[in-house]
Structures are given as structure tokens and as C-alpha cells.
Amino acid sequence: MIPFAAVLTDLDGVLRHFDHAVQADIEARYGLPLMKTAFDPELILPPTLGQVTEAQWAEAIVAALGGDDRARQAVAEFMEVPFWVDEQVRELLARAQQHVPVIIVTNAMDTVEEHLDRLGLTYFADDLVSSARVGVAKPDRRIYEIAAERAGVAPESCLFVDDRLPNVEAARALGMTGVHYRTIQDLAAVLG
């Protein structure tokens with residue numbers, strides 16, 4: 001039996017993974033700092049909070065990289081980097097879901113539902129708490145509170161899983177049990 005009333009899990013870096021080799025190849029071929037630019041807080045925060053769309057974010061990256069055809073092509077390729085589901089993580093979460101709600105809590109953009117559909121995860125979780133939809137992003141305490149509310153349980157009864165330690169620490173500060181995910185063993189240790 002699982003000693004938690006709900007499992008709250010991150011999407012990227014836990015359940016979904018991007019092909020970092022393809023990302024590195026795009027950067028090398030174009031000679032552009034795509035990752036550093038795309039994930040600059042000034043560029044990534046507005047789409048993560050739902051203030052602009054993913055398409056507008058892509059345009060902002062193009063502009064920050066010089067706005068020429070080379071930048072536009074590099075960003076177009078970057079936006080199509082393959083991603084996939086970690087089937088071992090999905091299996092562990094599905095087993096937990098037989099006993100408690102599983103909620104995806106993600107700093108995402110307006111396209112997250114489309115991405116979940118492409119991954120075959122549209123109906124996987126009991127709920128989705130997307131920063132772009134609720135207007136707050138991890139590690140803001142409010143997104144954790146929203147997730148616990150949607151699960152119908154107290155924060156102290158939740159297991160929270162994320163690959164970013166600051167997000168895990170924020171969950172722990174609310175009384176949640178936090179797992180800093182690096183490998184499947186980190187999750188298996190608490191979910192079996």
C-alpha cells in the first residue's frame with residue numbers, strides 16, 4: 001500500500017524526455033546558443049505563465065538569435081526535437097494510480113495538452129496542473145497547493161516528484177514528501 005494520498009509528478013525530465021543529442025546537433029550545425037537562449041528566464045517565463053504562446057516564444061528566440069533565416073531555421077528544428085515517454089516511469093505511476101490520484105504538475109506552455117496527446121498520455125493522469133493554465137510556475141508554492149486541492153488531499157499527504165531540486169525543496173517546504181528524480185530507482189524506492 002502506498003503511504004501517500006496522492007502522487008504529484010513533473011512531466012519533463014521524469015515522465016517525458018527530449019533527445020538532447022538532437023538538440024546538441026542543431027546547436028553545433030548552426031553555431032547558435034539555442035538552449036541558453038531558449039531557456040533564458042526572460043524568454044521562458046512568459047510562455048510558462050501563459051502570457052504568450054509557444055509560437056510567440058519561438059519568435060522571441062529567433063529575434064534573440066539575430067532574426068535571420070539561419071536563426072529561423074535553427075529554431076524551427078529546435079521546436080521539432082523528438083520526445084518520448086519513459087515507460088518504466090509510466091508503469092510505476094500507473095500502479096500508484098490504482099490506489100491514489102496521480103496529478104501531472106508541470107511548468108509548460110499552451111501546447112502541453114497537444115504534447116500529451118502525441119505521447120498517448122491525454123487520459124493518463126487524473127488531472128493536469130499546467131503553469132500556463134494556472135498562471136503560476138514551480139517553485140511558487142501556489143502551484144503545489146493547486147495540485148493538492150485538485151487531488152482532494154492535504155499537501156502533507158502528497159508525494160511530489162521532480163528532476164529539479166529547487167522544485168522538490170519547495171514541495172518539501174509545504175510538508176510534501178519530495179523525491180528528487182534522477183533515475184528510475186529514485187521513484188521505485190518510494191513507489192515500489
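Over the ring of which residue does the charged end of Arg16 sit? The views below come from a predicted model.

**View 1. Arg16 places its charged end over the ring of Phe83.** The charged end of Arg16 is 4.8 Å from the centre of that ring. Arg16 falls within domain 1, whose assigned segments are 6-17 and 84-189.

**View 2. Phe39, Trp57 and Phe78 form a cluster of aromatic rings.** Ring pairs provide the links between these residues. In total, the structure has five aromatic pairs. Two members of the cluster return in later views: Trp57 at the contact of helix 3 with helix 4, and Phe78 at the contact of helix 1 with helix 5.

**View 3. Helix 3 packs on helix 4.** Helix 3 covers residues 41-48 and helix 4 covers residues 54-64. Their axes lie 10 Å apart, at an angle of about 170 degrees. An angle over 145 degrees counts as roughly antiparallel, so helix 3 and helix 4 are roughly antiparallel to each other. From helix 3 come Leu43, Ile44 and Pro47; they meet Trp57, Ala60, Ile61 and Ala64 of helix 4. By class, this contact has seven nonpolar residues, with no polar and no charged ones.

**View 4. Helix 1 packs on helix 5.** Residues 20-30 make up helix 1, and residues 69-78 make up helix 5. The axes are 10 Å apart and the packing angle is about 170 degrees. Helix 1 and helix 5 are therefore roughly antiparallel to each other. On the helix 1 side, the contact involves Gln23, Ile26, Arg29 and Tyr30. On the helix 5 side, it involves Arg70, Gln73, Ala74, Glu77 and Phe78. The classes here are mixed: four nonpolar, two polar and three charged residues.

**View 5. Domain 1 meets domain 2.** The domain assignment gives domain 1 as 6-17 + 84-189 and domain 2 as 20-80. Taken over C-alpha atoms, the domain centres are separated by 25 Å. At the contact, 11 residues of domain 1 face eight residues of domain 2.

**View 6. A cis peptide bond joins Lys138 to Pro139.** Omega for this bond is near 10 degrees. Pro139 sits in the loop between helix 8 (131-134) and helix 9 (141-151).

Technical notes: Residues are numbered from 1 along each chain as its sequence is written. This is a predicted model: local features need pLDDT of at least 70, side-chain atom pairs count only at pLDDT 80 or more; totals for chains, interfaces and linings use all residues. Side-chain values use heavy atoms; hydrogens and water are left out. Rings of Phe, Tyr and Trp (its six-membered ring) pair if their centres lie within 6.5 Å; planes under 30 degrees apart count as stacked, over 60 as edge-to-face and the rest as tilted. A charge sits over a ring if NZ of Lys or CZ of Arg is within 6 Å of the ring centre and within 35 degrees of the ring normal. Axes are lines fitted to C-alpha atoms, for helices over the stretch in contact, and angles run from 0 to 180 degrees between N-to-C directions. Helices (H or I, at least four residues) and strands (E, at least two) are DSSP runs, numbered from the N terminus. Angles under 35 degrees count as roughly parallel, over 145 as roughly antiparallel, 65 to 115 as roughly perpendicular and the rest as oblique. Contact means heavy atoms within 4.5 Å. Ala, Val, Leu, Ile, Met, Phe, Trp, Tyr, Cys and Pro count as nonpolar, Asp, Glu, Lys and Arg as charged, and the others, Gly among them, as polar. Domain bounds come from an automatic or database domain assignment.
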